[in-house]
Amino acid sequence: MGLDYQLVLWNKYKKTYDKIIALSMLLYVMVFAGVTFAFNSETSIETLVIRAFGSLAIIMLHLILIIGPLSRLNRRFLPILYNRRHLGVSMFIAAFIHGGFSMFQFHALGDVNPIYSIFTSNMDYGSLTNFPFQVLGFLALLILFVMASTSHDFFLGNLSAKVWKRLHMMVYVAYALIIAHVFLGAFQQETSFFTIGVLAIGFIIVTSLHLITAFKERKIDRTKVSEKDGWLEVCNISEIEEDRAKIFTVDNERVAIFKYDGKLSAIHNVCKHQGGPLGEGKIIDGCITCPWHGYQYLPSNGQSPPPFTEKVATYELKLDGEMVFINPKAFEEGTEVNPCKI
């Protein structure tokens with residue numbers, strides 16, 4: 001967590017992660033170049049760069065989009081999610097190289113401003129076979145630039161978590177633009193069924209994983225609980241793992257009930273940082289730790305330990321034998337609630 005703007009602190013894990021990203025990108029470009037020259041030795045360097053970095057950016061974007069749902073379905077993918085923003089910035093760099101070389105090769109050699117040329121060199125917006133697909137790619141690149149330039153927590157803190165999250169959800173708009181950009185480009189210029197096929201497979205994988213995750217969460221939201229004297233019966237103690245939580249929906253709000261040190265505590269499930277699912281995290285050093293980026297909250301009051309100031313709502317719990325009951329009325333964010341002793 002960060003209180004103000006400071007340069008990114010690369011610990012050994014982040015350094016390893018970034019080295020893997022850089023080496024993988026370099027290896028891909030080298031393999032792409034080797035295969036290209038082996039089958040088409042007349043390919044120009046400009047065309048090679050455009051195709052290599054364009055395809056690299058698309059592959060990386062698909063990886064970025066599947067990390068989220070994979071992490072919700074299997075905790076082993078969480079370390080990748082933790083540093084996903086590094087992958088996102090790297091993907092933008094690849095897309096920028098692709099777009100820069102494309103702009104230079106197709107629009108920078110005349111008397112017209114290259115950006116103006118992108119929007120005016122082809123005005124046939126009503127045609128599928130001649131649609132100006134480069135405009136779509138340019139707009140997608142603008143969105144990716146905004147996301148990459150605001151990826152630091154400094155911007156998240158100043159824009160507010162809600163605004164920042166909505167801004168970065170624009171990745172799906174960029175993805176739709178890129179899908180259309182690549183599809184129309186392959187359809188018009190090369191009629192490449194291979195490119196279209198790979199793109200279709202990627203889209204199916206991304207869509208399927210998001211739908212599977214959505215159905216999983218829908219199941220949580222539709223779980224019915226019984227009411228007794230104003231308290232909701234949610235589960236048996238044995239259903240909650242030690243130092244972890246079980247998530248329930250209470251009055252249309254997701255609540256995480258944690259079991260730790262012979263106690264139970266309940267807090268609102270949504271992290272103040274990026275809306276991460278606190279209930280999918282665990283207790284570390286006595287604090288509920290968000291699985292997305294490590295933000296922490298004290299289980300008894302939902303407050304981040306000083307000097308941090310984030311707070312989430314808390315709930316009252318009680319036990320009746322082995323059954324756990326929750327008061328559906330939430331306390332104000334940061335309210336101290338005595339843990340329920342097991």
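Visitor: Which element gives the most residues to the lining of the largest cavity?
Guide: In this predicted model, the lining of the largest cavity includes Leu264, Ser265 and Ala266, along with Thr314 and Tyr315. The elements that give two or more residues to that lining are strand S5 (263-268) and strand S9 (314-315). Of the elements involved, the one that gives the most, with three residues, is S5.

Visitor: How many charged residues are there in the lining of the largest cavity?
Guide: Among the lining residues are Pro299, Ser300, Leu317, Val337, Asn338, Pro339 and Cys340. When the residues of the lining are divided by class, eight are nonpolar and four are polar, and the number that are charged is no residue at all, that is, none.

Visitor: How much space lies in the largest cavity?
Guide: A search of the whole structure, counting cavities of 30 Å³ or more, finds three of them. For the largest cavity, the space that lies within is about 50 Å³.

Visitor: Which strands are the edge strands of the open sheet that has the order S6-S7-S8?
Guide: The open sheet is formed by three strands with antiparallel pairing, in the order S6-S7-S8. An edge strand here pairs on one side only, and the two strands for which this holds are S6 (282-284) and S8 (296-297).

Visitor: What is the bridge partner of Ile288 in S8?
Guide: Strand S7, which covers residues 287-289, pairs with S8 in the antiparallel sense, and the pairing runs over two bridges. For Ile288, the bridge partner in S8 is Tyr297.

Terms used
Residues numbered from 1 in each chain as written. Predicted model: local features only at pLDDT ≥ 70, side-chain atom pairs only at ≥ 80, totals over all residues. Heavy atoms only, no water. 1 Å grid on protein atoms, 1.4 Å probe; cavity = no way out; pocket = protein on both sides within 12 Å on 5 of 7 lines; lining within 4 Å. Points joined across faces, edges and corners; volume = space filled by probe spheres on them. Helix = DSSP H or I, 4+ residues; strand = E, 2+ residues; numbered from the N terminus. Nonpolar A, V, L, I, M, F, W, Y, C, P; charged D, E, K, R; others polar. Pairing = 2+ DSSP bridges.
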